[in-house]
Amino acid sequence: MARSKRRSAAGAVGAALAALSWYTWRIETRWLRTVRLTLPVPSLPPAFDGYRIVHVSDLHLGIPLTQRFFPRVVQAVLREQPDLVALTGDVATAGYDGVSQARAEFARLDAADGLYFVPGNHDYYAGVDAVEAALMRSGVTPLRNAHTVVSRGTDRIVIAGIDDVILSVPDLNQALAGVPDDACVILLAHEPDFARIATAEPRVVLQLSGHTHGGQIRVPGLGAVMLPHLGHLYPAGAYRVGNMGLYVTTGIGTGKFVMRFNCRPEIAVITLVRGPFPASNGRDAVWRPDPSSWPVVGGLRPVV
Ligand SMILES: [Fe+2]
């Protein structure tokens with residue numbers, strides 16, 4: 001009797017684990033959400049009040065499940081009728097075939113002021129020049145230590161991007177070369193922890209990042225249990241870092257572990273409005289200072 005009870009308990013546990021595995025692998029990885037945020041920016045030019053950026057990251061094309069999921073992501077972005085789309089890296093995984101195969105889907109993506117891209121570490125593993133070339137054929141503009149100016153009448157904002165922090169040389173000074181002192185800069189940077197450096201640059205009002213996937217597995221009460229290098233300080237969500245806003249998206253795809261729990265894939269719709277910065281939500285204090293591990297980029301030092 002006791003043995004049969006033990007057997008049925010073991011069976012129930014086994015069934016629960018199988019259901020959980022299925023959920024993390026096949027359900028949550030494709031359970032897309034749209035996050036909507038409003039960021040007040042003191043220096044935002046009046047013509048950009050209400051400007052809408054759709055932030056998409058970490059597509060990780062080349063992984064079959066993600067590849068099949070991508071058309072739904074494109075549909076979700078188009079529904080938002082964005083002013084601008086920001087792709088913050090890891091479009092590829094380990095080869096650029098997936099990016100080439102998604103060319104038609106990229107060509108469907110559209111935004112009034114264009115689509116901009118910075119590479120992530122996986123784009124380097126895949127071959128960053130080939131990834132960039134494939135994206136450019138679909139109308140996406142890469143910003144590797146470079147910027148572009150978006151105009152509304154006589155008002156302007158600057159969209160800047162840095163090269164990957166882990167596998168290349170990010171240079172914020174080069175990215176902002178020629179940008180006026182009073183400019184309002186939105187910075188695309190794959191690794192979120194670069195915010196510690198970007199916040200020392202007063203022209204940057206907002207940094208958009210990915211890289212962490214939010215940890216992919218978030219244990220209730222504990223949070224993300226696995227975070228990548230340069231993704232520990234700001235795992236996911238909206239932060240204020242000094243006088244700069246930071247949004248870290250949980251992204252779309254996954255690494256080689258195709259699973260998510262309590263960490264759905266997302267696109268983020270960020271509306272810029274004129275106004276004083278929101279007070280710090282306290283999460284800015286969550287960081288582990290180890291200045292020796294920080295790159296000093298273009299003479300800018302991390303703010304400790
Ligand atoms: Fe990454």
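**Exercise 1. In which sense do E6 and E7 pair, and over how many bridges?**

Before we start, two notes on the model. Residues are numbered from 1 along each chain as its sequence is written. This is a predicted model, in which local features need pLDDT of at least 70, side-chain atom pairs count only at pLDDT 80 or more, and totals for chains, interfaces and linings use all residues.

*Solution.* Start with the terms: strands (E, at least two residues) and helices (H or I, at least four) are DSSP runs numbered from the N terminus, and two strands pair if DSSP finds at least two bridges between them. E6 and E7 are antiparallel, with seven bridges. Within this pair, Val 150 faces Ile 157 of E7. Next, look at the turn: two residues lie between the strands of this hairpin, and Gly 153 has a positive phi near 60°. Finally, check the cover of E7 (residues 155–161): five of its seven residues are buried (20 or more other C-beta atoms, placed from the backbone, within 10 Å of a residue's own; 12 or fewer is exposed, in between partly exposed).

**Exercise 2. Place E6 and E7 in their sheet, and explain which strands stand at the edges.**

*Solution.* The sheet is open and has six strands, ordered E6-E7-E8-E9-E13-E12, with mixed pairing. E6 (146–152) and E12 (237–241) have a single partner strand each, so one side of each lacks a neighbour in the sheet. From one strand to the next, the twist averages 20° (axes are lines fitted to C-alpha atoms, for helices over the stretch in contact; angles run from 0 to 180 degrees between N-to-C directions). Now step inward: E7 and E8 run parallel over four bridges, with Gly 161 partnered by Leu 188 in E8. E8 (residues 185–188) and E9 (residues 204–209) are also joined in the parallel sense by four bridges, and here Val 185 is opposite Val 204.

**Exercise 3. Trace the sheet that contains E1, and find the helix that packs on it.**

*Solution.* Six strands make this open, mixed sheet, in the order E1-E14-E2-E3-E4-E5. Its edges are E1 (33–41) and E5 (140–142); each has a single partner strand, so one side of each is without a neighbour in the sheet. Neighbouring strands are turned by 25° on average, direction ignored. E1 runs parallel to E14 (residues 266–274), joined by nine bridges; Thr 38 has Thr 271 as its bridge partner there. The helix is H6 (residues 128–137), which touches E4 (115–117) and E5, at about 145° to the direction of E5.

Conventions
Contact = placed C-beta atoms within 7 Å.
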